[in-house]
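Q: Could we go through this structure together? I would like to begin with one residue and then move on to helices and sheets.

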Amino acid sequence: MSRATAFGVALLLGLAFGSVQAGLAQEPSVTAGVSAESPAEPGQLTHADYERAEAFMASNLAPRVYGGAVSPDWHDDSRFSYRVRVPGGHEFIRVDPDREVRVAAFDHERLSAALSQATGEGYEALQLPFSSVQVVGDWEAVEVEAEDAHWRCDLQAYECREMDAPPAGPSAGVASPDGRWVAFRQDHDLWVFDRETDEEIRLTTDGEDRYGYATDSQGWRQSDAPILLWSPDSRRIATFRLDERGVEEMYLLRTAEPRPELQAWPYALPGDTIVPMLERVVVDVENRSVVELDTPPDHQRTSSCCGLSRGEDWADVEWSPDGETLAFVSTSRDYRTVTLRIADPESGAVRTVLEESHPVFFETHAGGRGVPNWRVLHDRGEFLWFSQRDGWGHLFRYDLESGEFLGRVTGGDWNVMDILTVDEEAGTILFTGAGREGDRDPYYRHLYRVGLDGAGLALLTPEDANHSVELSPDGRFVVNSYSTVQNPPVSVVRRASDGEVVVELEVADIAELEALGWQPPEPFVALARDGETEIYGLLIRPSNLDPEKRYPIINAIYPGPQAGSVGTRSFSVSRRGNAHALAELGFVVVMVDAMGNAERSKAFHTAYYGDLADNGLPDQKAAMRELARRYDWIDLDRVGIFGHSGGGFATAAALLHHPDFFHVGVAGAGNHDNRGYTYYWGEKWQGLLEATEEGDNYENQANHLFAENLEGQLLLTYGTMDSNVHPNTTLLLMDALIEANKDFDVMVFPNRGHGYAGEPYNVRITWDYFVRHLLGKEPPFGYRIGR
């Protein structure tokens, strides 16, 4: 057996983690045999060091925060309940905004005693075995799930009795608005489950393999759930027949005994001539008929990134309130042109209302995975349209019949983020926006109200913070949690009409967090590569930082372009890659939202279109250099970087394109050549694949073509069953590094998909890698996170 083969076997069996030189194994280091009980040698971190870092992982920090952000569970048009962490467990609260009342949802002591008696178990008042309740009447009783059974607990007598669980229907289904039907996929056809009769009804009959109805097969993701949108009256379903016939396949091998198992599925790549196409249909549930819409097949695209669904709903599709008209938006393969169309669900007739193009890519949302910001106002015969035509994301009004422009609704150097609701009768819009309050973080989201004529724009959440909002079903109240990266959340109920607070819900308590020594990240502003554009980031330092010492700096990166490294501007106990825990090992950790990310101007977002290998890295470098000028304790002679998925791609690119700056990297599940990643991604951010004299226009982003530039220490990881970012692009990079005679390291995760980044073993080897190569010390042998 060759040394390279032996090394691969060792990795797969978890016997060793060693470095690879030109693809060959090194002998284990002399510290590999040190036991957990052995005294620490000079230059070695201890189990106690890792235990302290582990205490700063998100899963260990979160239980130390009480009274956090509120997620309402609506029980009617305006009343709701929620579950909140308190010392000793969780408490259920119910709220009536009309009466301005916030009270305990029930007597927790009596309910725990009643449920304990009914189940034969022993429950504590603040440790009830359920996380949500179904309210019966006006809180006369609640129905809960406990001990694999369904219970009704009377809140007057405090008695619980077991009940037959209500028919749930298929696990991967979408319920109709009236609750009677559950739509699901089976045998390539669309079915519904009738909750009244427990009957399964087949709605379509001609579905076939690779040509089925409501199919969630997007290459990079697949599920058993259907993609569709119910009409408000529950009579019809808007969906599609997905034609994947002829689309080339991707392959994976699942590790198994005695032979591996092959997995194959359609997966279109940039430049493919045959790609999945959607044939739009409307299915009548009662008549069990299918109407094909008279419109050309559409590409598997949405006018805002990413994927066809938002929650359970098919995005870019909208029914009229009476269910008699269907509106939808089609997006071209190159993402540059979107078209709004109106369909008659009875006849299938379709007419085009508006078409708009952008020279780079068109989007109907300024952020990642947002609900497209267009709305048809049927009662007014108008529609709202989102466009970045003037460099920022704003709303415009058009005539629904003629497509005539009626006027601008919003404008300025800021972005509309999400339309919450439109009151056609009052002529007003409730929406969130970012960047309008000039003296604040431009990523902070606030709630606004404005007239459809553009008049009367009003800020409804005045606090200088990032605001998350959820509108009551009747549109009269808003549950608002606001916080910053340094200030914990405050949650309130506001009137949607004027923003006035009517009920105070929670003020988070982080005393236990601070007692541990936890410190919030430090927000900072730096200048980008051009020396002019402001970019925003976070810095996390060790809680015991000594300003007389110098610390390696590590960049936790996600380059987007649909989102950035920082993530939410709201309070969070930890950040990307468990950054607080990593910092406790003796590092400064930073996250920077570079140019090329969303939620700023269109020019900012398209900064490196057509050159994905840029990854915003010149801006990351500029920010880190600026921080080093501010803080003498940052050591730019020891610079690390790590990330997963797009962050893995960016990490490898950092070491290959900027070897003079980045010295150590851990690159997980990277899309290292987007010619081998889903076509929906590359064709949006890199452009359609085109031949050039040098080869094609994707060669500038293919990491393996720059393997000879590697100078630092690089650890590559991947999961063998990653159906999102296929391991092939990592293997191409590995092969090129071997060919270039470069030293690098590899860790393979058998039978893992794309989401192994937070797996304790992966976290630990990432710590080990930076400890060895940036701190110049040995990690403790055999440390197990979560022991």
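Q: Which helix does Thr 730 lie in?
A: This is a predicted model, and in it Thr 730 is part of helix 11, which covers residues 728-739.

Q: Is Thr 730 buried or exposed?
A: Thr 730 has a relative accessibility of 1%. Buried means under 20%, so Thr 730 counts as buried.

Q: What is Thr 730 in contact with, leaving aside its neighbours within four places in sequence?
A: With those neighbours left aside, the contacts of Thr 730 are Gly 670, His 672, Leu 716 and Tyr 718.

Q: And Thr 729, where does that lie?
A: Thr 729 lies in helix 11. Its relative accessible area is 3%, so Thr 729 is buried.

Q: Which residues does Thr 729 touch, not counting those up to four places away in sequence?
A: Thr 729 touches Gly 670, Asn 671, His 672, Asp 673 and Gly 676 on that count.

Q: How many residues apart along the chain are Thr 729 and Gly 670?
A: They are 59 residues apart along the chain, and 7.5 Å separates their C-alpha atoms.

Q: Changing topic to helix packing: at what angle do the axes of helix 2 and helix 12 cross?
A: The axes of helix 2 (residues 47-55) and helix 12 (residues 760-775) cross at roughly 125° and come within 12 Å. The two helices are therefore oblique to each other.

Q: Is that crossing of helix 2 and helix 12 left-handed or right-handed?
A: The crossing of helix 2 and helix 12 is right-handed.

Q: Which residues meet there, between helix 2 and helix 12?
A: Helix 2 contributes Tyr 50, Ala 53 and Glu 54, and these meet Arg 764, Trp 767, Asp 768 and Val 771 of helix 12. Four of the residues in this contact are nonpolar, three are charged and none is polar.

Q: Now the sheets. What is the order of the open sheet that contains strand 27?
A: The order is 27-28-29-30, giving an open sheet of four strands with antiparallel pairing. Strand 27 (317-319) and strand 30 (350-357) stand at the edges with a single partner strand each, so one side of each has no neighbour in the sheet. On average, neighbouring strands of this sheet are turned by 15° against each other, direction ignored.

Q: How many bridges join strand 28 to strand 29?
A: Six bridges join strand 28 (residues 326-331) to strand 29 (residues 337-343), and the two run antiparallel. One of the pairs is Leu 326 with Ala 343, the latter in strand 29.

Q: Which strands are at the edges of the sheet with the order 3-4-5-6?
A: That open sheet has four strands with antiparallel pairing. Its edge strands are strand 3 (73-74) and strand 6 (101-104), each of which pairs on one side only.

Q: How many bridges are there between strand 3 and strand 4?
A: Strand 3 and strand 4 (residues 80-86) pair over two bridges in the antiparallel sense. The bridge partner of Trp 74 is Phe 80, in strand 4.

Q: One last region: what joins strand 41 to strand 42?
A: Strand 41 (residues 490-495) and strand 42 (residues 501-507) run antiparallel and are joined by five bridges. Val 492 stands opposite Glu 504 of strand 42.

Q: Which residue takes a positive phi in the hairpin of strand 41 and strand 42?
A: Gly 499 does, with a phi near 80°, in a hairpin that has five residues between the strands.

Methods
Residues numbered from 1 in each chain as written. Predicted model: local features only at pLDDT ≥ 70, side-chain atom pairs only at ≥ 80, totals over all residues. Heavy atoms only, no water. Axes fitted to C-alpha atoms, helices over the stretch in contact; angles between N-to-C directions. Parallel < 35°, antiparallel > 145°, perpendicular 65-115°, else oblique. Left-handed = near helix turned anticlockwise from the far one by under 90°. Contact = heavy atoms within 4.5 Å. Nonpolar A, V, L, I, M, F, W, Y, C, P; charged D, E, K, R; others polar. Pairing = 2+ DSSP bridges. Buried < 20%, exposed > 50% of the residue type's maximum accessible area, 1.4 Å probe, protein only.
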